[in-house]
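Colleague: Please go through the strand pairing in this model closely, and then relate it to the rest of the fold. I would like one continuous account.

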Amino acid sequence: MRLRSRRNDRDVERDLYPKSRRAAKVSKVYDAIIVGAGPGGSALATSLARSGLDILLLDKHHFPRDKTCGDALSPSAVGILRHLGLEDVLGRVGFRIDGLQLTMPGGELVAAPILPTSRDGDSACVIPRLELDELLRSAAIRAGSEFAGGVRVTEIIEEQGLVLGSTNEKRSSWSSRIVILAVGANVGLLKRQGLVPKRLEFSYAVRSYIKGITAVDRQLHIRFDGVPLPGYGWIFPVSRDSANVGVVAFRKAKGTSNSIYAVFERFLRQPLVAEMLSMGHPRGSTKGYPLRTDFHRSPIRRGRLLLIGEAAGLVNPFTGEGIDYALESAMVASESLRDCFATGDFSEHTLSRYDQALRARFQRIFVLTSLMRRIYMNPRLLDALGRACGRWPDVAPLMVDIFLGRTDPLRAFSPGLMLRILRSLPTAS
Ligand SMILES: Cc1cc2nc3c(=O)[nH]c(=O)nc-3n(C[C@H](O)[C@H](O)[C@H](O)COP(=O)(O)OP(=O)(O)OC[C@H]3O[C@@H](n4cnc5c(N)ncnc54)[C@H](O)[C@@H]3O)c2cc1C
């Protein structure tokens, strides 16, 4: 469906803004400007540009650029990338993953396959963000979006659809009918626009690439042993001899701001981890970055300004997974906006369909997983869960589905399962 308006930019601008409020000098009015070329921003740019819309994608970085991440993609994230036409490249550069292994605080192992999606057969994979984000940005450009890197957006003047930013100290402005903020965990611009919740919720994570490992398998390894809870350590294979290794603390670790690095150092020294990574050596520097997990109380739109991905707090509070949610929210935004462009109806009523669709998809999951994180990331309960997985073969696949966000956690934690977990708690001697 081609949605590009036949009217010229001046007509559009005249319709959109009364004369007194029009920008002093607008050379071009884009259909949409997307700020942030991470997975969310680039996926949205690709989808909208394919519909014939005039899209400008801005990022403060020049690309290719790295983004500190664990690099793991769930089967549903891979499904969206396939839908965007990246299937072949993913097959070439992504490292296919077949299973998830959880190590409980007491050392109990829980392993289950990550089955490909039943409809399309998409598997989980690991792909470094340096490559993934560049693939997505290139797809957006191929679809017809304009991209400008090295542009730090500093302000949005909403009533004029004006985006203000600076490149090499030089100030510039661009105009559009809709603005989408896909700025990730960077909240500076969101704060200035008054688009953050009263209480922001951040977690902190650190990762490093370890190369030259001899025992790489095709499993995502999540370890609750030897790290402060709620949180976990991970070993995600990137290739046959290297892995992305990191730790996440779902509550800011006490002490100095560098303490997450200390947690990481301790994780690496833990005997079982050291054994798994033996012969390996770090490649590049160890980097930390925050994750924002407050979607359930975060603003997601005001007028013609929409938020997607981590800018809307969309990182799973239980697992730290955010790429799939950035891609999914981009698809939800794309569908809502294409309706607006097709009908020319940008009324509050029509735009609010985005809010409704996004809340319908994610609100319940976020409320529940935030709660679950508090209750279940407790060593005794995790160990009991590990024992329940050993005794009842249907429990481990359920754990994997919860971890991958594939199942409603409340439905998964049925009274029957709760009873089995309670029966697996050690009895006081
Ligand atoms: C250590 C760590 C490990 C993680 N591991 C995983 C994992 O294994 N799997 C998973 O699914 N998720 C993981 N996540 C979460 C995931 O990285 C994010 O949720 C995801 O990148 C969000 O995508 P996004 O498109 O919303 O934003 P981002 O990918 O953060 O992209 C935002 C973009 O906006 C740009 N930007 C920001 N501000 C401005 C501005 N003012 N002007 C112009 N440009 C701007 C930035 O340069 C950036 O390119 C991890 C996060 C961390 C920190």
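**Strand pairing and its surroundings**

Modeller: Ala72 has Val126 of E7 as its bridge partner. The model is a predicted one. Strand E7, residues 124–126, is joined to E3 by two bridges, and the two run antiparallel. They belong to an open sheet of three strands, ordered E3-E7-E4, with antiparallel pairing. E3 (72–73) and E4 (95–97) are the edge strands; each has a single partner, so one side of each has no neighbour in the sheet.

Val78 packs against this region. It sits in helix H3, which covers residues 75–83. Leaving out residues up to four places away in sequence, its contacts are Leu73, Leu90, Asp122, Ser123, Ala124 and Cys125. Of these, Leu73 falls within the bounds of E3, while Ala124 and Cys125 fall within those of E7. Val78 counts as buried because 29 other C-beta atoms lie within 10 Å of its own, where the cut-off is 20 or more. Arg142 follows 64 residues later in sequence, and its C-alpha is 19 Å from that of Val78.

A second set of strands centres on E15, residues 242–249. Eight of its eight residues are buried. Ser242, Asn244, Gly246 and Val248 point one way from the strand, whereas Ala243, Val245, Val247 and Ala249 point the other way. In a regular strand, side chains alternate between the two faces of the sheet. E15 pairs with E14 (residues 231–239) in the antiparallel sense over eight bridges, and a hairpin of two residues links them. One of these bridges puts Ser239 opposite Ser242 of E15. Strand E12 also pairs with E15, again antiparallel and over eight bridges; here Ile210 is the bridge partner of Ala243.

E12 leads on to the ligand. Around the ligand are 41 residues, and the closest of them are Gly38, Gly70, Gly184, Gly309 and Gly322. Elements that give two or more residues to this shell are helices H2 (39–50) and H9 (323–343) together with strands E9 (152–157), E12 (202–211) and E16 (281–292). By class, the shell has 19 nonpolar, 13 polar and nine charged residues.

The domain division gives the wider setting. Domain 1 is made of 9–67 + 129–197 + 297–371, and domain 2 of 202–292. Their C-alpha centres are 32 Å apart. Six residues of domain 1 and seven residues of domain 2 take part in the contact between them. On the domain 1 side, two of those residues are nonpolar, three are polar and one is charged. Both domains supply residues to the ligand shell, so the ligand lies between them.

The packing can be followed through the largest nonpolar core, which has 127 residues; Ile180, Ile308 and Met399 touch the most other members. H9 is its main contributor, giving ten residues. Domain 1 and domain 2 each supply at least three residues to this core. Ile308 shows how the pieces meet: apart from residues up to four places away in sequence, its contacts are Gly40, Leu44, Ile180, Ala182, Ala326, Ser329, Ala330 and Ala333. Gly40 and Leu44 fall within the bounds of H2, and Ala326, Ser329, Ala330 and Ala333 within those of H9. Ile180, another of these contacts, is itself among the residues that touch the most other core members.

Methods. Residues numbered from 1 in each chain as written. Predicted model: local features only at pLDDT ≥ 70, side-chain atom pairs only at ≥ 80, totals over all residues. Near = placed C-beta within 6 Å. Helix = DSSP H or I, 4+ residues; strand = E, 2+ residues; numbered from the N terminus. Nonpolar A, V, L, I, M, F, W, Y, C, P; charged D, E, K, R; others polar. Domains from an automatic or database assignment. Core = buried A, V, L, I, M, F, W, Y, C linked by C-beta atoms within 7 Å. Buried ≥ 20, exposed ≤ 12 C-beta atoms within 10 Å, placed from the backbone. Contact = placed C-beta atoms within 7 Å. Pairing = 2+ DSSP bridges.
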